[in-house]
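Take a walk through this protein chain. Keep the sequence and the 3D view side by side.

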Amino acid sequence: MVHSMAPLVLVIYNARCKITMYSSIEPLLGDSCKVVDERWPATHVILITPPPIDEDRRLLHPNVENLLGLPERTNESAGAYARACIAVAEDSGIPVVDLWNKMLEFPDWKKAYLRDGLHLTQSGNRIVFEEVIKKLRDAGLSLDTLEVDLPLIAAIDPNDPLKAFHKGDRP
């Protein structure tokens, strides 16, 4: 199958990794962008920062047993990741969706956009969608012209899910 349009890649950076593991996260993010650019130069890339973290709600909904009583992620590390992602995007000339700052603009962001202090609500996902659409338009792309490279969820057979990912079996 010949693609008439360059593929689109959305890169979502989250604050799951401990930022203190690196003296600076920017080289790691920058290297990732360079790899994509070198291997797939015609690919459109949009970086997406992590959203802010509501640490108090994370304590109420931890992913693992929380013996120390500390949130497994912090808003400080999410903000550092977001700033690094923005810096790499600016240095690389790659568009970026700045969820961290966009969500913080709304006074009630914790309840409006985060279900459990980390995962997005329907309103939070709406912001992601709207901001990505803006970046697509800026690049001269639209949902109507982008080729779908993965099956639609309705096309996935729960008894044989891998079958839907074979391109020859899809319309």
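Where in the chain does Ala 155 lie? Ala 155 sits in the segment after α6. This is a predicted model, so every position here is a prediction. Ala 155 counts as exposed, because its relative accessibility is 51% and the exposed class begins over 50%. Look along the sequence from there to Phe 165. Ala 155 and Phe 165 are 10 residues apart in sequence. In space, their C-alpha atoms are 9.5 Å apart.

Phe 165 also belongs to a nonpolar surface patch. Its partners in the patch are Leu 150 and Leu 162. Together the three residues make about 340 Å² of nonpolar surface. Leu 150, like Ala 155, is found in the segment after α6. Leu 150 counts as exposed, because its relative accessibility is 54%.

Now step back to the whole chain. It holds 6 helices and 3 strands. Read from the N terminus, the elements run β-α-β-α-α-β-α-α-α. The chain has 171 residues, and 36% of them count as buried. Its accessible surface comes to about 11,300 Å². Carbon and sulfur atoms account for 56% of that surface. Contacts tell of links along the chain. Take those between residues at least 6 apart in sequence: 67% join residues at least 24 apart.

Next, go inside. The largest nonpolar core has 15 residues. Which of them touch the most other members? They are Ile 48, Val 97, Leu 99, Val 132 and Leu 136. Several elements feed this core. β2 (44-48), α4 (99-104), α5 (109-113) and α6 (122-138) each supply at least two residues. Helix α6 gives the most, with 5 residues.

Pause at Val 97. Leave aside residues up to four places away in sequence. Val 97 then touches Ile 46, Leu 47, Ile 48 and Thr 49. It also touches Glu 131, Val 132 and Lys 135. A second core stands separate from the largest one. This second core has 12 residues, including Leu 29, Cys 33, Ala 84 and Ala 89.

Charge comes next. Side chains of opposite charge can pair when their charged atoms come close. How many salt bridges does a search of the whole structure find? The search finds 4. Start with Lys 102. Lys 102 forms a salt bridge with Glu 105, and the closest N and O atoms are 4.0 Å apart. Lys 102 also forms a salt bridge with Glu 131, where the closest N and O atoms are 3.8 Å apart. This second pair links distant parts of the chain. Glu 131 is in helix α6 and Lys 102 is in helix α4, 29 residues apart.

Glu 131 has another partner. The side chains of Glu 131 and Lys 134 meet in a salt bridge, 3.0 Å from N to O. Why are Lys 134 and Glu 131 separated by about one helical turn? Because they are 3 residues apart in helix α6. The pieces now join up. Lys 102, Glu 105, Glu 131 and Lys 134 are linked in a network of salt bridges.

How covered are the members of this network? Glu 105 counts as exposed, because its relative accessibility is 59%. Lys 102 is partly exposed, with a relative accessible area of 29%. Lys 134 also counts as partly exposed, at 41% relative accessibility. Is Glu 131 buried or exposed? Glu 131 counts as buried, because its relative accessibility is 14% and the buried class lies under 20%.

Last, look for paired rings. A pair of aromatic rings is described by the distance of the centres and the angle of the planes. Here the count comes to 1 aromatic pair. The rings of Phe 106 and Tyr 113 have their centres 5.5 Å apart. Their planes stand at 50°, so the pair is tilted. What about cover? Phe 106 counts as partly exposed, because its relative accessibility is 35%. Tyr 113 counts as buried, because its relative accessibility is 11%.

Definitions and conventions. Residues numbered from 1 in each chain as written. Predicted model: local features only at pLDDT ≥ 70, side-chain atom pairs only at ≥ 80, totals over all residues. Heavy atoms only, no water. Core = buried A, V, L, I, M, F, W, Y, C linked by side-chain atoms within 4.5 Å. Buried < 20%, exposed > 50% of the residue type's maximum accessible area, 1.4 Å probe, protein only. Helix = DSSP H or I, 4+ residues; strand = E, 2+ residues; numbered from the N terminus. Contact = heavy atoms within 4.5 Å. Patch = residues over 30% accessible without salt bridge, like charges linked within 9 Å, V, L, I, M, F, W, Y side chains within 5 Å. Areas by Shrake-Rupley, 256 points an atom, 1.4 Å probe, with all protein chains shown as cover. Phe/Tyr/Trp six-rings, centres within 6.5 Å; stacked < 30°, edge-to-face > 60°.
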